[in-house]
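Could you walk me through this structure while I have it open in my viewer? I would like to know what to select next and what is there.

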Amino acid sequence: MIYLSLPRVRNLLSKGMTDREQVMAFAADLEALVYRYRDEFDITVASLVGVLECAKYEVLLSAGEGDDEFEIEFE
């Protein structure tokens, strides 16, 4: 399990985070959110994966809207 303590994340934010630290913080938050929903709700793994796939699709679609760092070419 990926884990960063909240005080450590706050400390990193105040000092500026590297790309790797930002990715690790995002991964830790996402993992915590997934496990929280699995624990607190009666939701299937298939439903969780479906929601994550929809979110991924939305991110990929919005990436072409002015984000120069990540470009998608549609044929």
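Before we start selecting, a word on axes: here a helix axis is a line fitted to C-alpha atoms over the stretch in contact, and angles run from 0 to 180 degrees between N-to-C directions. Keep in mind, too, that this is a predicted model.

Begin with the whole chain in cartoon view. You will find three helices and zero strands, following the pattern α-α-α along the sequence. Switch on the surface next: the accessible area of the chain is about 6,700 Å², with 57% of that belonging to carbon and sulfur atoms. Of the 75 residues in the chain, 12% are buried.

Now select helix α2, residues 19–40, together with helix α3, residues 45–63. The axes of α2 and α3 come within 11 Å and cross at roughly 145 degrees, and the crossing is right-handed. To see what makes this contact, show the side chains of L30, V34, Y37 and R38 on α2, then V45, L48 and L52 on α3.

Next, colour F26, L30, L33, Y37, F41 and L52 on the surface; these residues make a nonpolar patch of about 540 Å². Helix α2 gives the most to the patch, with four residues.

Finish by zooming in on L52, which is found in helix α3. Is L52 buried, exposed or partly exposed? Its relative accessibility is 37%, so L52 counts as partly exposed, the class between under 20% and over 50%. L52 is thus a good place to end, as one of the α3 residues in the contact with α2 and one of the residues making the nonpolar patch.

How values were computed: Residues numbered from 1 in each chain as written. Predicted model: local features only at pLDDT ≥ 70, side-chain atom pairs only at ≥ 80, totals over all residues. Heavy atoms only, no water. Helix = DSSP H or I, 4+ residues; strand = E, 2+ residues; numbered from the N terminus. Buried < 20%, exposed > 50% of the residue type's maximum accessible area, 1.4 Å probe, protein only. Areas by Shrake-Rupley, 256 points an atom, 1.4 Å probe, with all protein chains shown as cover. Patch = residues over 30% accessible without salt bridge, like charges linked within 9 Å, V, L, I, M, F, W, Y side chains within 5 Å. Salt bridge = Lys/Arg side-chain N within 4 Å of Asp/Glu carboxyl O. Left-handed = near helix turned anticlockwise from the far one by under 90°. Contact = heavy atoms within 4.5 Å.
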